[in-house]
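Biologist: Could you walk me through this model before I set anything up with it? I have a handful of loose questions.

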Amino acid sequence: MASEEQLYAIKGSKVLMVGAGGIGCELLKTLALSGFQDIHIIDMDTIEVSNLNRQFLFRQSHVGQSKAKVARDAVLKFRPHIKITPYHANVKDPDFNVDFFKQFNVVLNGLDNLDARRHVNRLCLAADVPLVESGTTGFLGQVTVHVKGKTECYECQPKPAPKSYPVCTITSTPSKFVHCIVWAKDLLFAKLFGDKNQANDLNVRSSDAAGSSEPADNVFERKTDEKIEQYGRRIFDHVFGYNIEVALSNEETWKNRNRPKPLYSRDVLSDELTQPNGDVEKGKTDDPASISAMTSLGLKNPQEIWSLKENSKVFLEALKLFFVKREKDIGNLSFDKDDQLAVEFVTAAANIRAASFGIPLHSLFEAKGIAGNIVHAVATTNAIIAGLIVIEAIKVLQWDASSYRMTYCLEHPSRKMLLMPVEPFEPNKSCYVCSETPLSLEINTHRSKLRDFVEKIVKAKLGMNLPLIMHGSALLYEAGDDLDEDMVANYAANLEKVLFELPSPVKSGTILTVEDLQQELICNINIKHREEFDEEKEPDGMLLSGWTQAIRPEKENANSVGNGESASDASQAVAVELEEGNEMVEVPAEIPAAKKRKLSDISVTRSSVTRIAETNSNKIVEELDEDDDDIVMLDDDGFSEIGKKRKSQ
């Protein structure tokens, strides 16, 4: 039962919720039932069928409608007298600026991606509004509190970039099925059905064009009057046959590797073109969601691993259906895990390539999980986390800083504990977001263009949306809708210049100032010229540093963990980590139940990679988000422990 002080704080508050998905539905319900009177919700998504198993405010009839608006209507049915304001929009839209955030007493996040989380974190810092972050995946969950100047911000600990692979591994020497998925999704699918003008590493001449002056791009163009079946086989022979033969011609590459086998359609399938043998009538529909190569071919079980012949048939049939049933979409498509035909095509293409390189084949169910980064969500975890968010929000509204907790929800009890509270950490003095610490960038200033710096560092690593880049008083680049044509042309020209050839040359010792006016964030970057980079370890061709973990000072007794526990006791730990790069907390196997749990009772480490170590699993899970199916399963290659951090006083 809430006290009078708590009820007063609740009823007088104005709350912003960002995200109305798995956590958001539970959170809105809990806020309404807890007495909150003025709630604002931002969510850009519409309701999908796959949401209905856990986002309980939505029904089948709501599919296609705004999540924020439907959630509002659903809650007002049982709490009609409260005020709920929905926004069907992107939280990164210019309307949601610092002034917009200043009107709220607290911001509650239920997001599903790192980019949006970082953006909200920065706006909350600029507006000096407390933020309660959250995330779930499966049975795991966490809630963290971020108050400017008192606790660390969301970005005080570096968030790892999504897993990337060197282009040469993807295009020439795949050794894992995930390499084949990336090739099929990001190269082949994009080449056939995406933007035709986009650069692509599949542009190898076919044997027919080897002696001609025609550009390699023509290999993927369908010729006039060419039957779709013939076009499909020509693409098949080019990417799975001829391109493999070209790769085999480099003997040095295969000295210590297994040689792949070129595959041609005539060897896998009979000379007779593939004929559908399933329910073809089902393909005769204007609804893209119901167009399926599996249905056309009579394949029913998505968990069954198809043979090479079946994969080849699915590949050709899916390609045919794209051109026959969805021709208007070609040229504008990007891979979507909810696009059945796209998933079928990518699965078949990845399996055929895997067969060529001697990699085990996977079912459509498994391939979809890898390609779409899928993990199944648990509604109960969302409900638990939503309740914890509200508890922390009430503390924040009362400015009860001594009671703030970061709380982790575990899958398996550790000494009868499923919820592990930890006192928040103080701000990281080396954080470039909340402490404005300068960063360092190693880059080849004679080869890298300003565009590389903007795309790979400013946007991808620093998460800025509308950056402004200055060298001293010289403005090198600015993004925005209010620029005149001459400025746009000037900045576009600068983007294509190497750093050293800019109007104000960038070289070793240069300090670049990067600013995002929307986020009210300024960052200084010290440039250091470097000639060479390891393509395997540094695929971006540049290295950003200076953004480090905070180090906890050594205590007098280095072996003591706290409350009489020994370091050996604390080493028996359960490691938990959630979201796209939040903390990994090692929970001691035993904490004295009679004593108040404090940070000193718990051994806390930071990992430089985003992972969950599960007790009975040999796999590592990367890239964990809210609950909307964002996960990649990769091989276990260990943890990287870095330093320890002081608790906030």
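Modeller: What follows is a short conversation about this predicted model.

Biologist: Okay, overall picture first: how many helices and strands does the protein have?

Modeller: The protein has 17 helices and 22 strands, and buried residues make up 52% of its 649 residues. Among the contacts with a separation of 6 or more, 67% are between residues 24 or more positions apart.

Biologist: And what about the surface, how much area does the protein expose?

Modeller: About 29,600 Å² is exposed, and carbon and sulfur atoms supply 48% of that area.

Biologist: Which residue does UniProt list for "active site"?

Modeller: The UniProt entry, which is unreviewed, lists Cys-168 under "active site"; an annotation of this kind may be inferred rather than shown by experiment. In the model, Cys-168 lies in helix 6, which covers residues 167–171.

Biologist: Is Cys-168 buried, partly exposed or exposed?

Modeller: Cys-168 counts as partly exposed, because its relative accessibility is 28%, and that class lies between the 20% limit for buried and the 50% limit for exposed.

Biologist: Which residues is Cys-168 in contact with, leaving aside its neighbours within four places in sequence?

Modeller: With those neighbours left aside, Cys-168 is in contact with Thr-173, Glu-535 and Glu-536.

Biologist: Staying with cysteines, how many disulfides does a search of the whole structure find?

Modeller: The search finds zero disulfides. As for other cysteines, Cys-124 is buried, because its relative accessible area is 2%, and Cys-180 is buried as well, with a relative accessible area of 0%.

Biologist: Switching to sheets, what does strand 4 pair with?

Modeller: Strand 4, residues 106–109, is joined by four bridges to strand 1, residues 15–18, and these two run parallel; in that pairing Leu-16 stands opposite Val-107. Strand 4 is also joined to strand 5, residues 131–137, by two bridges, again in a parallel arrangement, and there Leu-108 stands opposite Val-132.

Biologist: Which way do the residues of strand 4 point?

Modeller: Val-106 and Leu-108 point one way, Val-107 and Asn-109 point the other way, and all of them are buried.

Biologist: What about strand 7, how does it run against strand 6 and strand 8?

Modeller: Strand 7, residues 406–414, runs antiparallel to strand 6, residues 140–146, and three bridges join the two; one of the partnerships places Val-143 with Thr-407 of strand 7. Strand 7 is also antiparallel to strand 8, residues 417–422, and here five bridges make the connection, with Met-420 in strand 8 as the bridge partner of Tyr-408.

Biologist: How many residues sit between strand 7 and strand 8 in the hairpin?

Modeller: There are two residues between the strands of that hairpin, and Arg-415 in the turn has a positive phi of about 55°.

Biologist: Why remark on a positive phi at all?

Modeller: Most residues other than glycine have a negative phi, so a positive value is worth a remark. Asp-225 is another case, with a positive phi of about 65° although it is not a glycine. Asp-225 lies in the loop between helix 7 (177–193) and helix 8 (228–248), and it counts as exposed because its relative accessibility is 77%.

Biologist: Where is Glu-520 found, then?

Modeller: Glu-520 is in the loop between strand 12 (511–516) and strand 13 (521–529). Its phi is near 55°, which is again a positive value in a residue other than glycine, and Glu-520 is exposed, because its relative accessible area is 52%.

Biologist: Last topic, helix 14: what should its 19 residues span, and how far apart are the end C-alpha atoms?

Modeller: At 1.5 Å a residue, the 19 residues of helix 14 (residues 379–397) should span 27 Å, and the end C-alpha atoms are 27 Å apart, so the two values agree. The expected span multiplies 1.5 Å by one less than the number of residues. Just after helix 14, Trp-399 takes a positive phi of about 55°.

Biologist: And Thr-380, is that residue buried or exposed?

Modeller: Thr-380, which has its place in helix 14, is exposed, because its relative accessible area is 53%. Thr-380 and Phe-139 are 241 residues apart in sequence, whereas in space they are 8.1 Å apart, C-alpha to C-alpha.

How values were computed. Residues numbered from 1 in each chain as written. Predicted model: local features only at pLDDT ≥ 70, side-chain atom pairs only at ≥ 80, totals over all residues. Heavy atoms only, no water. Disulfide = S-S within 2.5 Å. Buried < 20%, exposed > 50% of the residue type's maximum accessible area, 1.4 Å probe, protein only. Pairing = 2+ DSSP bridges. Contact = heavy atoms within 4.5 Å. Areas by Shrake-Rupley, 256 points an atom, 1.4 Å probe, with all protein chains shown as cover.
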